Structures are given as C-alpha cells and as structure tokens.
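Thank you all for coming; I would like to walk you through one chain this morning. Please have a look at the sequence and the model before I begin.

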Amino acid sequence: MLMPAQGGRILVATKPVDFRKGHDGLAALVQSTLTEDPFTGTVFTFRAKRADRMKILFWDGSGLVMASLPQN
C-alpha cells in the first residue's frame, strides 16, 4: 500500500500522458508542466489516453518510485 506522509499532497494530472515515459520522463513532466518538485514526497498520478491505466510517481527519500496500475 502506498501511503503519503502525514499531511502529504496528492496531485492528479488532468491531461493524459505518454505511457512510454519512465520515472525520469514523468519527473521531468512534473517539473516542466506542473511546476512542482518531484523530490518532495508529493504523490503524482497520471492517466493513459484511454483512461484504462494509471501511473503513480513519488519520492520515498532514497529514490523515485513509480507504480503502474491497470484499471479493471
């Protein structure tokens, strides 16, 4: 289970992203498009164009963690 820190933020991207992007590409997208720092512990969520998949990106203190989830 992924749990943000107490008082942590969860940001949801409203536009779909290219799902070929890895954690580095999504972190760059967070910095350039959302103008946020991906290394703060904030949880970022992204969806695929068809809205059938989702990716979660967050910093756990030692590295970026990316989870890819299919939607049932």
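I will go from the overall layout to the helix, then to the strands, and finally to the rings.

What you see is a predicted model, in which local features need pLDDT of at least 70 and side-chain atom pairs count only at pLDDT 80 or more, while totals for chains, interfaces and linings use all residues. Residues are numbered from 1 along each chain as its sequence is written, and side-chain values use heavy atoms, with hydrogens and water left out.

The chain has 1 helix and 4 strands, where helices (H or I, at least four residues) and strands (E, at least two) are DSSP runs numbered from the N terminus. Along the sequence, these elements come in the pattern β-α-β-β-β. Of the 72 residues in the chain, 26% are buried; here buried means under 20% relative accessible area, exposed means over 50%, and partly exposed lies in between, with a 1.4 Å probe and protein chains only.

Let us turn to the helix, α1, which spans residues 23–32 and has Leu 26, Ala 27, Leu 29 and Val 30 as its buried residues. Why do they lie on the same side of α1? The reason is that they cover an arc of only 160° around the axis, the arc being that of the directions from the helix axis to the C-beta atoms. The face turned away from this buried side carries the exposed residues Asp 24 and Ser 32. The cover over the buried residues of α1 includes β2 (43–47), β3 (53–59) and β4 (64–70).

Now to those strands, bearing in mind that two strands pair if DSSP finds at least two bridges between them. β2 and β3 pair in the antiparallel sense over 4 bridges, and one of the bridge partnerships joins Thr 45 to Ile 56 in β3. The two strands form a hairpin with 5 residues between them, and Ala 51 in the turn has a positive phi of about 60°. β3 and β4 also run antiparallel, joined by 7 bridges, and they form a hairpin with 4 residues between them, where Gly 61 in the turn has a positive phi of about 105°.

Finally, the rings: the charged end of Lys 55 sits over the ring of Phe 19, 5.0 Å from its centre, which satisfies the rule that NZ of Lys or CZ of Arg be within 6 Å of the ring centre and within 35 degrees of the ring normal.

Methods: Contact = heavy atoms within 4.5 Å.
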